[in-house]
Amino acid sequence: MNLRKLATLAGVALFASCGDVALARGMKAFGAISLAHWTSIFSALLSPWVILGICLLLAFFVSYLSALSFADLTYVLPATSLGYIVMALLAKFFLHENISILRWTGILLIALGVGFVARGPALTLDHERSADLAGNVHHAPARGES
Amino acid sequence: MKHLYTWVSILAVVLFSTVGDVLISRAMKRVGDLGHLFKDHGLLAVSKAMFTNATLWAGVFFMALGFFSLMTALSWNDVSLVGPASASLTFLSNAFAAKLFLRERVDRRRWMAALLVAAGVALVAA
């Protein structure tokens, strides 16, 4: 796992959580949208927080695609669930929400799960699968490097 | 009936997002490491590999279906049930799907990670 790959995984976690928090902040300031006036959602798109949230979520998607290009899905998902912890901490210090003992327990479980997966390889390929995927590969990176 | 609708839409979220994640993961494995591709062939090659990838688009389509099911589920029940239930179940279904359809080696370590994270997410988001 080199620096670029670590940064990509961190990007997935950070962009997703910051994007959600920015969107939540923008939409809360905007207020509830009723079904009768659903077109008012378009004026929410002008809120700077909503715009920031959408940009961050786009950045999340790019780093997510990039992460999946070099690591297994069952590696990327647990590894980037650290974002949930970041989001809980952002909610506490930035949105001033309370973190209950139940949430702290959840944060601990996520951290343990990430610890488990991080100690293994990022990419697992058997021969059958490599042959299956080989058809369309543009280059031949050293598979299994992590 | 409200509970039935809620759980059916939660299962729809789980199903659609899992299919989306598997398709996107499969597409990106075929493209190969984007970092190498960028270094060797430049941004144009990366964009071409992405935009011409039908599997990737199919994955994005299923992700969108998952998002709309989430909106539907939220209209039937509270975010404190729908959010953690769908996020947490998706971690588990993704582990099954990755083993079955992506042939990833999901060993005991990865099962433990998926279970711990699913439980943790359920608690954090509750």
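**Exercise 1.** How many residues does the contact take from chain B and from chain A?

*Solution.* The model is predicted. Chain B contributes 38 residues to the contact, and chain A contributes 37 residues. On the side of chain B that touches chain A, the elements giving two or more residues are α1 (2–31), α2 (34–51), α4 (79–101) and α5 (108–125) of chain B. Of these, α5(B) gives the most, with 12 residues. Sorted by class, this side of chain B holds 22 nonpolar, six polar and 10 charged residues.

**Exercise 2.** Describe the fold of chain A from its elements, its burial and its contacts.

*Solution.* Start with the elements: chain A has seven helices and zero strands. Along the sequence the pattern reads α-α-α-α-α-α-α. Next, burial: chain A has 146 residues, of which 36% count as buried. Last, the contacts: among those in chain A with a separation of 6 or more, 74% join residues 24 or more positions apart.

**Exercise 3.** Determine how α1(A) and α3(A) are oriented relative to each other, and describe their contact.

*Solution.* Two packed helices are described by the angle between their axes and the distance between the axes. Helix α1 of chain A covers residues 3–30 and helix α3 of chain A covers residues 48–68; they pack at an angle of about 160° with axes 7 Å apart. Angles over 145 degrees count as roughly antiparallel. The two helices, α1(A) and α3(A), are therefore roughly antiparallel to each other. The crossing in which α1(A) passes α3(A) is left-handed. By class, their contact comprises 18 nonpolar, seven polar and one charged residues.

**Exercise 4.** Locate A:K5, classify its exposure, and relate its position to that of A:S66.

*Solution.* A:K5 lies in helix α1 of chain A. There are 18 C-beta neighbours inside 10 Å of A:K5. A residue is buried at 20 or more such neighbours and exposed at 12 or fewer. A:K5 therefore counts as partly exposed. In sequence A:K5 and A:S66 are 61 residues apart, while their C-alpha atoms are 8.9 Å apart in space.

**Exercise 5.** Compare the span of α1(B) with the expected value, and state what follows this helix.

*Solution.* The helix α1(B) has 30 residues. At 1.5 Å a residue, the expected span is 44 Å. From its first C-alpha to its last, α1(B) reaches 43 Å, which is close to that expectation. After α1(B) comes B:G32, with a positive phi near 95°.

How values were computed. Residues numbered from 1 in each chain as written. Chains lettered and ligands numbered in written order. Predicted model: local features only at pLDDT ≥ 70, side-chain atom pairs only at ≥ 80, totals over all residues. Axes fitted to C-alpha atoms, helices over the stretch in contact; angles between N-to-C directions. Helix = DSSP H or I, 4+ residues; strand = E, 2+ residues; numbered from the N terminus. Parallel < 35°, antiparallel > 145°, perpendicular 65-115°, else oblique. Left-handed = near helix turned anticlockwise from the far one by under 90°. Nonpolar A, V, L, I, M, F, W, Y, C, P; charged D, E, K, R; others polar. Contact = placed C-beta atoms within 7 Å. Expected span 1.5 Å × (residues − 1).
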